[in-house]
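Biologist: Could you walk me through this model, and tell me what stands behind each word you use for it?
Modeller: Gladly! Here it is.

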Amino acid sequence: MKLKILGSQSPYNTSGHNCPGYLVQEGNTKLLLDSGSGSHSLLSYPNDLENLSVILSHLHRDHYNDIYNLQYSSFVFHNQKRIQKPIDIILPATPVSIHDDILSEDNSFATYQTIDPSSNMQIGSMNVSFCPTDHPVETYAIKVKCGNRTIVYTSDTSYSAKNRLVDFSKGADLLICEASLLKEHGFPEINSHLTAYQASTIAKEAGVKGLILTHFWPEEPVEKYIQEAKEVFPNVVPAVEGLSIDIPVVHKERNLER
């Protein structure tokens, strides 16, 4: 299972930095977690459109703007007979106006599913499950399991969802966690986003093996987020556009006691 970072910034993209997008690939199956502004520019066309599913964690523009580019690209490449299978777009039911606008796009070669948080999805060899977070709109953390390997993406969340996220992320190989805020600015503990310190606390309590921080404010040096997170959890790196990571198979230690 491979992970490619397509975007690390919010609420807007700047030169060399895109809004959230994370491409998970296992064999020929591709799963894109969010499609934020500029993130589509790091996909490989038309190859990445073949066998592609897209999950939109929530319908804030910095997380879904580029879905329209993917819809139109799929339309064009299908007309050119360069892709055979429609992309599958999986999204929350609300806000209804945005959900319906995405589904109403005519120039699109896509199928659509609405997220049911009570059900798991099977996408190729990947098992996908959801955990509601606390955010101003309907928002989901997403867990992707393939064999012994697990990636969890928090999406946007308040620290009020901490216990849910800790339980949801238990023992994951990799946690991709938003860290929009820095505690040095004196934000209240419960906000609509996390500080880097809160993100690392979730990682530590969940016992994950590695932490990727993302969703950085463009004006803040990324080093500040990493420094703050390392006060709690040492195995942390920043999301960097174009970074590719192999998620290794995790083997359980054998019990040698008799």
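Modeller: One term first: contact means heavy atoms within 4.5 Å. Keep in mind, too, that this is a predicted model. With that term in hand, look at helix 5, whose buried residues pack against helix 4 (162–169), strand 11 (174–178), strand 12 (211–214) and helix 6.

Biologist: Which residues of helix 5 are buried?
Modeller: Ala196, Gln198, Ala199, Ser200, Thr201, Ile202, Ala203 and Ala206 are buried there. A residue counts as buried under 20% relative accessible area.

Biologist: Why is helix 5 called largely enclosed by the rest of the structure?
Modeller: Because eight of its eleven residues are buried. Just after this helix comes glycine 207, with a positive phi of about 65°.

Biologist: Helix 6 was on your list of partners. What makes helix 5 oblique to helix 6?
Modeller: Two packed helices are described by the angle between their axes and the distance between the axes. Here the axes of helix 5 (residues 196–206) and helix 6 (residues 222–229) come within 8 Å and cross at roughly 45°. Angles under 35 degrees would be roughly parallel, and 65 to 115 roughly perpendicular. An angle of roughly 45° fits neither of those ranges, nor the one over 145 for roughly antiparallel, so the word is oblique. The crossing of helix 5 with helix 6 is right-handed.

Biologist: Which residues meet where helix 5 and helix 6 touch?
Modeller: From helix 5 there are Ala196, Tyr197 and Ser200, and from helix 6 there are Tyr225, Glu228 and Ala229. Sorted by character, the residues of this contact are four nonpolar, one polar and one charged.

Biologist: What makes lysine 170 exposed?
Modeller: Its relative accessible area is 51%, and exposed means over 50%, so lysine 170 earns the word. You will find lysine 170 in the loop between helix 4 and strand 11.

Biologist: Which residues is lysine 170 in contact with, leaving aside its neighbours within four places in sequence?
Modeller: Those are Glu205 and Ala206. In addition, the C-alpha atoms of lysine 170 and alanine 203 are separated by 8.6 Å, although these residues are 33 residues apart along the chain.

Biologist: Let's turn to the aromatic rings. How many aromatic pairs does the structure hold?
Modeller: It holds seven. A pair of aromatic rings is described by the distance of the centres and the angle of the planes.

Biologist: Why is the pair of tyrosine 22 and tyrosine 153 called tilted?
Modeller: The ring centres are 4.9 Å apart, and a pair needs centres within 6.5 Å. The planes stand at 50°; under 30 degrees would be stacked and over 60 edge-to-face, so what remains is tilted. Tyrosine 22 lies in strand 2 (residues 21–26) and tyrosine 153 in strand 10 (residues 149–153), so the pair ties together parts that are 131 residues apart in sequence.

Biologist: How do you know that tyrosine 22 and tyrosine 153 are buried?
Modeller: Tyrosine 22 has 0% relative accessibility and tyrosine 153 has 1%. Both values fall under the 20% cut-off.

Biologist: And what makes the pair of tyrosine 45 and phenylalanine 77 stacked?
Modeller: The planes of tyrosine 45 and phenylalanine 77 are at 15°, with the centres 6.3 Å apart. Planes under 30 degrees apart count as stacked, so that settles the name. Tyrosine 45 sits in the loop between strand 3 (29–33) and strand 4 (52–55), while phenylalanine 77 belongs to helix 2 (residues 67–79).

Biologist: Are tyrosine 45 and phenylalanine 77 buried or exposed, and what decides it?
Modeller: Phenylalanine 77, with a relative accessible area of 14%, is buried. Tyrosine 45, at 28% relative accessibility, counts as partly exposed, since that class lies between 20% and 50%.

Biologist: What is the peptide bond from tyrosine 45 to proline 46 like?
Modeller: That bond is cis, with omega near -5°. A cis peptide bond also joins threonine 94 and proline 95, where omega is about -5°.

Biologist: Last one: what makes histidine 215 buried?
Modeller: Its relative accessible area is 5%, which is under 20%, so the word is buried. Histidine 215 lies in the loop between strand 12 and helix 6, and its phi is near 70°, a positive value in a residue other than glycine.

Methods: Residues numbered from 1 in each chain as written. Predicted model: local features only at pLDDT ≥ 70, side-chain atom pairs only at ≥ 80, totals over all residues. Heavy atoms only, no water. Axes fitted to C-alpha atoms, helices over the stretch in contact; angles between N-to-C directions. Helix = DSSP H or I, 4+ residues; strand = E, 2+ residues; numbered from the N terminus. Left-handed = near helix turned anticlockwise from the far one by under 90°. Nonpolar A, V, L, I, M, F, W, Y, C, P; charged D, E, K, R; others polar. Phe/Tyr/Trp six-rings, centres within 6.5 Å; stacked < 30°, edge-to-face > 60°. Buried < 20%, exposed > 50% of the residue type's maximum accessible area, 1.4 Å probe, protein only.
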